[in-house]
Amino acid sequence: MVQYIFTPWRDRHELLLVRDQLYAGRQGQRQLHHDDDARRALQNLAVARISMWMQRGGCPHMVESTALLFAAVLSDDVAATQSAGSSTYAVRAAYSAAFSRFVTGLLDGHQDKLRKQSMYSIAKVIGLPATFVELRHQATHEQLPSLAKLRPAAHMALDWIWDYYWKQLDKGNDETPAPQDSCREAVLRYLREEHEQRRQKMIASELSRWDMAKLMAAIKDLQATLPGNQVYLKCMKLKQELLALEKTKLQASTTLQDEAAPQQPQSDGAQADGAQEEESDDDDVGWSKYRGQWKPKPIGVV
């Protein structure tokens, strides 16, 4: 009997895309962007997508905890530019809530219903550091921990979640990895780029050297497989820009061929025909005098 598994994400590719956006440049993942602003923008998109998955239901606890911890880290980055004490307290509360929910939900999921176990015992079994349990206890029952404790603990928790959950997704893939298509990877880099000027430079430097048919096939494949309306619109815009670039190249090559072709002298017959055409053009002024005898006709007579 077929067993169906319902997930909040559309397919496996969407889940791996969120993982790459969250852990961009971390834990051996490929560096999607070099500047911090682009990295934060990708992480915000991933957190928003996970929030949508949580509304659908059935989102794993590790995915939810990753989003909450990254949301706290991003809030800390924004609050770092402000000097208000209230924003610092809000960041501490965000860190504490995300960390407590991560530890409590994880350990409760491994709790034996028949024989109650302590959190430290369960943490030792699954390999969770005891310092996480202590920090969770302090954030829940005592004063909020300081940012000096919460910041490194959040990054340690994200690294632990990577090894415990996200890294295992590659092992569960039984499919043979397909060889990388350089043309497809170039189009993917264009779609991941958020800045318009950089996308234009990528078209001129990277995409223009590929065959047009191969580019269109790669864009069509990505347009059908990647999720989201923004990706679909970017693919449509890329098609239009590539076609316009190809048309410009054809016009430029045609102009160069016309300029390089030697001009042949016209024959006497062609010159005579040209002279006759010029004379006929000069004579044709639109109005001319009627030649012959004019015969008036009454109105109504054909």
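Which side chains meet in a salt bridge at 3.3 Å, N to O? They are those of Asp37 and Arg40. A salt bridge here is a side-chain nitrogen of Lys or Arg within 4 Å of a carboxyl oxygen of Asp or Glu.

Before going on, a word on what you're looking at. This is a predicted model, where local features need pLDDT of at least 70 and side-chain atom pairs count only at pLDDT 80 or more, while totals for chains, interfaces and linings use all residues. Residues are numbered from 1 along each chain as its sequence is written, and side-chain values use heavy atoms, leaving out hydrogens and water.

**Salt bridges**

A search of the whole structure turns up seven salt bridges. Asp37 and Arg40 are three residues apart in helix H2, so about one helical turn separates them. Helices are DSSP runs (H or I, at least four residues), numbered from the N terminus. Arg40 also meets Asp77 in a salt bridge. That pair links distant parts of the chain, with Arg40 in helix H2 and Asp77 in helix H3, 37 residues apart.

Then there's Arg49, which pairs with Glu14. Arg49 sits in helix H2 and Glu14 in helix H1, so this bridge ties together parts 35 residues apart in sequence. Arg19, Asp20 and Asp170 are linked in a network of salt bridges.

| Salt bridge | Closest N to O distance |
|---|---|
| Arg49 and Glu14 | 2.8 Å |
| Asp37 and Arg40 | 3.3 Å |
| Arg40 and Asp77 | 3.4 Å |

How open are these residues? Buried means under 20% relative accessible area, exposed over 50%, and partly exposed in between (1.4 Å probe, protein chains only). Glu14 is buried at 4%, whereas its partner Arg49 is partly exposed at 22%. Asp37 is exposed at 56%, Arg40 is partly exposed at 27%, and Asp77 is partly exposed at 29%.

**Nonpolar cores**

Nonpolar side chains tend to be buried together in soluble globular proteins. A nonpolar core is a set of buried Ala, Val, Leu, Ile, Met, Phe, Trp, Tyr and Cys residues joined through side-chain atoms within 4.5 Å. The largest one has 46 residues, and Leu22, Phe102, Leu128 and Trp166 have the most contacts inside it. Helices H1, H2, H3, H4, H5, H6 and H7 each supply at least two of its residues, and H7 gives the most, with 11.

Leaving aside neighbours within four places in sequence, Trp166 is in contact (heavy atoms within 4.5 Å) with residues including Leu15, Leu22, Val63 and Ile161. Apart from this core lies another, of 20 residues, among them Ile203, Leu215, Ile219 and Leu242.
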